[in-house]
Amino acid sequence: MQSVFKVMSLSACMLLASVAGSALAGSEEGVDEAGQRHAKQVVGWIEKGLIMPEHTAVKIKVDSGALTSSMHAVNLENFEHKGKPWVRYDVPVKDADTGELVTMQFERPVFRRILVRGAGGSDRRPVVKMSICMGDQVYEEQFSLRDRGDMTYPVLIGRRTIEHIGLIDVSDTFLLKPSCSEQEHEDERDKQERMKDDENLVDDSEIDQPEQTEEELEAEE
């Protein structure tokens, strides 16, 4: 009887180990806003990345104090394109590799709008979908647009994006070197051009939803 009990106990342990192993394996893969699967990565609290399809390297702050990621943007101009709300904006940054001042210009459909409350007060922001390269992977994520000129880092990655990318090592920085292929840059550029020509490619599923309020605990640096 004791031998039977030992065998049953061993089988139960093996089953639990198998289930745990399957759960861990599943957690090693994330899915971004576009439904693309990515191997999860460990990131430092400061990283370097590329705002696609440009080749300008920017410093990114990884901060779980914000829900939605945020990008430095100035000269915001709202307009309508093929019956849908779009926004035109400039992203002036210092290239993290060369130190050169660069201004990138973008036009994107507005995905939704949010009211953000933080230490400096509250402001309303448009949210757009942008693609960024971190490590060797491209992530399409939601970014609220605001003037981050008083911040050290032009891009902040919040919890919506962190869950797609991986885990944060708060004791380290610059664990990933952006190394996305030239073809991926071209694919992103082509996708944005096609979106301007075909309004059916624009994701406007949340534009008519009530404005959401979010907290952003980031302090000025």
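1. Helices, labelled H or I, and strands, labelled E, are DSSP runs numbered from the N terminus. Keep that in mind as you look at this predicted model. With those labels, you can place Leu175 in the loop that lies between strand E14 (166-169) and helix H3 (182-197).

2. Let's stay with Leu175 for a moment. Its relative accessibility is 36%, so Leu175 counts as partly exposed. Together with Val42 and Leu167, Leu175 forms a nonpolar patch on the surface, and the accessible area of these residues together is about 270 Å².

3. Now for the inside. In soluble globular proteins, nonpolar side chains tend to be buried together. Here the largest nonpolar core has 27 residues, and Ile51 and Tyr89 are those with the most contacts inside it. Among the elements that each supply at least two residues of this core are strand E8 (84-94), strand E11 (121-134) and helix H2 (159-165). A second, separate core has 6 residues, including Cys133 and Cys180.

4. Tyr89 deserves a closer look. Setting aside neighbours within four places in sequence, Tyr89 is in contact with several residues, including Leu76, Met104, Phe106, Val128 and Leu145. Polar residues such as Asn75, Gln105 and Arg108 are also in contact with Tyr89.

5. Finally, is Ser69 buried or exposed? Ser69 counts as buried because its relative accessibility is 0%, and buried means under 20%. You will find Ser69 in strand E6 (residues 69-72). Its side chain reaches the backbone nitrogen of Gly158 at 3.0 Å. Beyond neighbours within four places in sequence, the residues in contact with Ser69 include Gln142, Ser144, Ile157 and Thr161.

Methods: Residues are numbered from 1 along each chain as its sequence is written. This is a predicted model: local features need pLDDT of at least 70, side-chain atom pairs count only at pLDDT 80 or more; totals for chains, interfaces and linings use all residues. Side-chain values use heavy atoms; hydrogens and water are left out. Patches are made of residues with over 30% relative accessible area and no salt bridge: like charges are joined within 9 Å, nonpolar side chains (Val, Leu, Ile, Met, Phe, Trp, Tyr) within 5 Å. Accessible areas come from the Shrake-Rupley method with a 1.4 Å probe; for residues, only the protein chains shown count as cover. A salt bridge is a side-chain nitrogen of Lys or Arg within 4 Å of a carboxyl oxygen of Asp or Glu. Helices (H or I, at least four residues) and strands (E, at least two) are DSSP runs, numbered from the N terminus. Buried means under 20% relative accessible area, exposed over 50%, partly exposed in between (1.4 Å probe, protein chains only). A nonpolar core is a set of buried Ala, Val, Leu, Ile, Met, Phe, Trp, Tyr and Cys residues joined through side-chain atoms within 4.5 Å. Contact means heavy atoms within 4.5 Å. A polar contact is a pair of N or O atoms within 3.5 Å; within protein, one must be able to donate a hydrogen and the other to accept it, and residues adjacent in sequence count only if both atoms are side-chain atoms.
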